Amino acid sequence: MKHTKMKWRGMAPLSKGLLAAALAVGSFLIPAGASHADSNSTVRVALFADIGSKYKSTVPVVTLQSTQSFTLLSDQPGSAPLLSVPAQSRIRVSVDGYRVKVMETSSWKTAADAAKKLQSTSDKPQIFMISRNGTNVYQLYTGVYASEAAAKDGLARVVKAGLAIPADQTPAVKGNKRISAGRYSSEQEADVALNSITAAGFDAWKVFLSGSDGSAQFEVWVGEAANDKDLAAVQTAVSAALPLVLTAATSPGLMMRLDAGLDLSSETQANHYMVSGNDAKFLAVGSEAGIQLEERSKRTYRGNMELSNLRGSLAVINEVPLEQYLYAVVGGEVSSSWPDEALKAQAVAARSYAMAQGNRFEVANVVDSTLSQVYNGIGSEAPVIIKAVDATAGEVLMSGGKVIEAVFSSNSGGVTSDPSEVWGNGGAAFASVPSKEDVAATKTAKKWYYLLLANGTSGYAREDNIKLTGNKTAAGLDIATATTKDVNIRPLPAVESSVSAVGKLNPGENAVVLDKVYESGSYSWIKGPYTSADLLKSLQGKTTSSLPSSILNLQVTQRGPSGRAIQVKANGQALDVKYPDMFRSAFNGLPSTLFDIVPSGSYTVLGADGATSTIGSSQSAGVLSASGKVNVNGSGTVVMGGDSSARAITNSSGFLFIGQGYGHGLGMSQWGVKGMADSGYDYKQILQHYYQNVTIVKE
């Protein structure tokens, strides 16, 4: 769950005892006032849309299907269905915009081969089929483009793509300016007119649209001009050939074509509807079975799909009742195997968050990603989740007479954030509170030994491949060996298929145990080491500070109430970011800002005079031991801190980030919720622990 900056102010946490005392006073469930949103309303979820800097996820075409029939109709109130899509049938939808017509051919394979060459480019191909004098003709296009200028740029790229285009054809820009050859009250009349126009040699298409009285009507459109000059030429040519009354096609409509490009390995066809006209919006109205959206990982969604043209591209907005939306959100955010009270807490928080959004995304309240809340449709639902949502139906968190924006994150790493550590401002509903139950995330996690091999290499091995020998080093560190042959020593405590092992350990070979840690996950983690070059690249555009040519020193120099980093200095110079939580993205996408920075190739020594000095991996240092003063090399040297922690100095000149938590950490910690539910807290106690000065209101 990712969020924009909000104006909040923190307060002190409540202890477990205070929670119980507060609950004893009375229920948080009180009658709702008129100051918050209606939980019976629908939620508009942007699945595909270009909303400028707020959100952009677009595709040129979407493919819809359902196990039951569904209908398409205009979004005008009282409109009759324009057409019905049979069960299991696929349809495709795009916007009627600017395209490049690449070629025509009577061979589907020729069109498909050319389309395959364009598939990996930004000029997305589409194949349509028309019947011309009894012969099937396949038309290859690219697009859609937001403007005629963008289409011309696409045309230039297509010309250079090395396609086998027939000698008598030239790729050209096409548009959505069309001529209407009449309006008809029945589809049969429209088909007769369509056949007469195509028989005269013109490309024409049937269009579904609503009349002023809401009735389903039909038009036949001719031409695909990109500008008024080309449109006038189409009108002149058609008027000369046919005795028709022609007008400009301006009404919102669904223009039907036959799509032959669903599968470029074998010819597969489907009806393709282009959303055309000024301010055109249409709805795909589904049944209880929902509508599958192939381009969204074949997920199936409840409610309706609004299909429209937004900024020159297709916008797909799922309109779904709030409570049904929550069935999928709760299932997408947490596991259905979690305790009922945890699921209820998630339901109330998610409902509150959704109702507090307003029209944050202009054409939608929320989006389907962690930019809002995870929403993966019906496939995320489960009976226990539906039960939890229904059990809390209408319940929201309120503070100061308003529904709060109940933000949450996966794991706060033992303590939640203070607002000052995240987006800079705060409110009375948020403060840093203990969340020791976050450790529930490690219940099934393996631990890893941090080992120093005999050759000076250090790394991690999973605990089920290692055993202690019972022996210790002179410094009191355990000695271990492998339990099986060729145990991989990993650079970090996690198996990453793309990262090679740094060494191997076999039975009988000894290694020194420097530490034992949880496998990197949502509760604790280790990232890096990142070189100076890695960090400088990641910091570009995320800090207003001037960056050094090389980062020699990197330190957390200021922390907030929960211990999260709110100031980091590179070479002694503060790295200024817009708000503290931005340090996550600034340093290669760290899981949280609750971290320490450890240089992998150096260590700091505190002298008796209080002065400190940094020793690099290429240097040696004098150490006073029981046998007198000795010199130790940098690389491979084991350094022990005052807390008896140990680490090995390596040859790499990078920085390790060792941290806890996953996400911004503000508000509710989902793993902490599970831990509290496991310990017997109910959802009201859980919510009041994570959100301050709130009441749970039910309509």
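Which residue is the bridge partner of A480 in β33? In this predicted model, the partner is A511. The pair belongs to an antiparallel contact between β30, residues 478–482, and β33, residues 511–518. Two bridges join these strands.

Both strands sit within a wider sheet. Five strands build this open sheet, in the order β28-β27-β33-β30-β29. Pairing within the sheet is antiparallel. Its edges are formed by β28, residues 458–462, and β29, residues 466–472. Each edge strand pairs on one side only. From one strand to the next, the twist averages 45°. In general, the strands of a sheet pair through backbone hydrogen bonds, and the pairing is either parallel or antiparallel.

The edge strand β29 is joined to β30 by four bridges. These two strands run antiparallel. Within this pairing, K472 stands opposite D478 of β30. The two strands form a hairpin, with five residues between them. The turn of the hairpin contains G476, whose phi is positive, at about 90°. Strand β30 thus appears in two pairings described here: four bridges link it to β29, and two link it to β33.

A further open sheet has three strands, ordered β34-β45-β38. Its pairing is likewise antiparallel. Strands β34 (524–531) and β38 (595–599) stand at the edges. Each has a single partner strand, so one side of each lacks a neighbour in the sheet. Neighbouring strands here are turned against each other by 20° on average, with direction ignored. Six bridges connect β34 to β45, residues 654–660, and the two run antiparallel. One contact involves S524, whose bridge partner in β45 is Q660.

Helix packing was examined next. Two packed helices are described by the angle between their axes and by the distance between those axes. Helix α7 spans residues 340–355, and helix α11 spans residues 670–678. They pack at an angle of about 140°, with axes 8 Å apart. This angle makes α7 oblique to α11. The crossing of α7 and α11 is right-handed.

Helix α7 also packs against α12. Here the angle is about 50°, and the axes are 8 Å apart. That angle makes α7 oblique to α12. In passing α12, α7 makes a right-handed crossing.

The remaining pair to describe is α11 and α12. Helix α12 covers residues 683–690. The axes of α11 and α12 come within 10 Å and cross at roughly 140°. These two helices are therefore oblique to each other. Their crossing is right-handed.

Internal space was also searched. Across the whole structure, one cavity of 30 Å³ or more was found. The largest cavity holds about 40 Å³ of space. Its lining consists of D96, G97, R99, Y141, K174, G175, R178, E224, R257 and M274. By class, the lining residues divide into six charged, two polar and two nonpolar.

How values were computed
Residues numbered from 1 in each chain as written. Predicted model: local features only at pLDDT ≥ 70, side-chain atom pairs only at ≥ 80, totals over all residues. Heavy atoms only, no water. Pairing = 2+ DSSP bridges. Axes fitted to C-alpha atoms, helices over the stretch in contact; angles between N-to-C directions. 1 Å grid on protein atoms, 1.4 Å probe; cavity = no way out; pocket = protein on both sides within 12 Å on 5 of 7 lines; lining within 4 Å. Points joined across faces, edges and corners; volume = space filled by probe spheres on them. Nonpolar A, V, L, I, M, F, W, Y, C, P; charged D, E, K, R; others polar. Parallel < 35°, antiparallel > 145°, perpendicular 65-115°, else oblique. Left-handed = near helix turned anticlockwise from the far one by under 90°.
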